[in-house]
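Biologist: Could you take me through one spot where parts of the chain far apart in sequence come together? I'd love a close look there, and then a sense of how the rest of the model fits around that spot.

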Amino acid sequence: MHSSWTKRFIFFLNMFLPMDCQEAVVGLKRYFSNAAWLFFERAFASFLSFCVGVYVIRYLGPAKFGILSYALSFVGLFSGIATLGLDSIVIRDLVQKEEETEELLGTAFMLKLAGALFVLFALVLLTAITSHESSTNWVIFFIALASVFQSLYVIDFYFQSKVLSKYPVWVRCFSSVTSSVFKGVLIWFHASLIWFAFAVTLESVFVALGFVLIYTRQGLRMSWTFKKDRALRLLRDSWPLILSGVAIAIYMRIDQVLIKSLLDTNAVGIYAVAVNLTEIWYFIPTIIIGSLFPAIINAKKNNVKLYLNSLQRLHDIFFLIAFVIALAVSLCSGKIIDFLFGSNFTAAKTPLVIYIWATVFVFQGHIRGHFLIIENKQQLGLWFRIAVIITSVALNLLFIPRYGIVGAAVATLLAYSLPIYCSSFFHPVLKMNVLMCLKSFILPLRLAYYGRNAVK
């Protein structure tokens, strides 16, 4: 009996480790500390933001929260342009060319600042020619203004390249607490909507100043330099990522923008509650795959079979986590909405039951993106995201007028899932990824089958 349970334990351990146990232990010793700091920060910030967000949503109500959510989504459509897809490129160069740190940071800062100012100017022009109310335009302006201060986030690239994430984590945690207290004060004094938009900018200011402080406290000087040739090289390397970033921003936010255009801000506010209750979980795959990604790359170098098995096991882990989250939230959606947000948001229950299942496909999408990078097929990722955008816009335009926000949730779920399977017909690499996804969907059957054989 004891031997049987021991075999089962070893089997399940090997099933979910993306490499053999010995390699996993070595990898964890190398990456655990940095990953733990990142996980703590994301979990803490997400939990705090969610708790404070509940009070903000209840205070603002569906209509005003709808305006705020619409503004965040509207600005979010342009976020890929503001960031210029430089993050991973700059971190890569900082690791490889440590002696050029000041030139890299200075050039990246100026590029990001230029991108943020361009987006801010473009949004000012767009809001001037739209039919938005002046209060909505000011909300959009303050949210867009945050990207200007976020250009100083290049300092975080330096700490990531040195595997010193604990310092930026301190800054972000402090900023999250400060921002949350500020929002609590706004609720206490019955502040208007525009102040909550200003809180978005204020949090970016706190983070930027905190990054400057920890950078200088490390004995480093901000004597950065801008080099035109360096800027051109960075843009040449990052342009596919810029387009991918724009594509991601569009298909993640276009549903709320279309709801505002086809329905009203009240519908946006109710729908945004379902979106927020779903997206709060999205930090989990980011942290996991970010920690294991170097180990998976090494696995491909050493053993292709081990590499493919590692990817399959990662698909299995992500499916299991996402399935449990989606099932739990679906079963408890009514109680969650009533308890957290009250009767004003009762209409969010059905969209939440549908929208939460997008978690399964979003989690798998994180693996697909990194898989395509390893296979040097980034352009396929761009075409895939374009397919998602086209599907999302078409289905939202078809479903929202007929079924309202429930139709928007169905359209988003279909847009996240249909292109995955249709894409398998166009390239062998995508077919391989789809087969891994499908295999993870029958994980319970596989566990039962292999587990039975493991103890024989």
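**A close look at Ala249**

Modeller: Happily! Setting aside residues up to four places away in sequence, Ala249 is in contact (heavy atoms within 4.5 Å) with Gly76, Leu77 and Ser79. Before going on, please keep in mind that this is a predicted model, in which local features need pLDDT of at least 70 and side-chain atom pairs count only at pLDDT 80 or more, while totals for chains, interfaces and linings use all residues. Residues are numbered from 1 along each chain as its sequence is written, and side-chain values use heavy atoms, with hydrogens and water left out.

Back to our spot. Ala249 sits in helix α10 (residues 228-262); helices here are DSSP runs of H or I with at least four residues, numbered from the N terminus. Ala249 is buried, at 8% relative accessibility, where buried means under 20% relative accessible area, exposed over 50% and partly exposed in between, with a 1.4 Å probe and protein chains only. Its C-alpha atom is 5.1 Å from that of Leu77, although 172 residues separate the two in sequence. For Gly76, the C-alpha distance to Ala249 is 5.9 Å across 173 residues of chain. Gly76 belongs to helix α2 (residues 21-76) and is buried as well, with a relative accessible area of 14%.

Contacts over such long stretches of sequence are plentiful here: of the contacts with a separation of 6 or more, 83% link residues 24 or more positions apart. The protein has 18 helices and zero strands, and 51% of its 456 residues are buried.

The largest nonpolar core holds 127 residues; such a core is a set of buried Ala, Val, Leu, Ile, Met, Phe, Trp, Tyr and Cys residues joined through side-chain atoms within 4.5 Å. Val273 is among the residues with the most contacts inside this core. Leaving out residues up to four places away, Val273 touches Ile57, Phe65, Ile337, Phe341, Phe345 and Ala348.

Ser333 offers another buried position, with a relative accessible area of 6%. This serine lies in helix α13 (residues 304-341) and touches Lys349, Leu352 and Val353, again without counting residues up to four places away.

For contrast, try His190, which is exposed at a relative accessible area of 63%. His190 is in the loop between α8 (166-188) and α9 (193-217), and has a positive phi of about 55° although it is not a glycine.

Finally, a word on confidence. The average pLDDT (the predictor's confidence in each residue, from 0 to 100) is 78, and 81% of the residues score at least 70. Among the helices, the mean is highest in α14 (residues 349-355), at 91, and lowest in α1 (residues 2-16), at 46. Please read residues 5-30 with care: pLDDT stays under 50 there, and the model has 35 contacts beyond four places in sequence for that stretch.

Conventions
Helix = DSSP H or I, 4+ residues; strand = E, 2+ residues; numbered from the N terminus.
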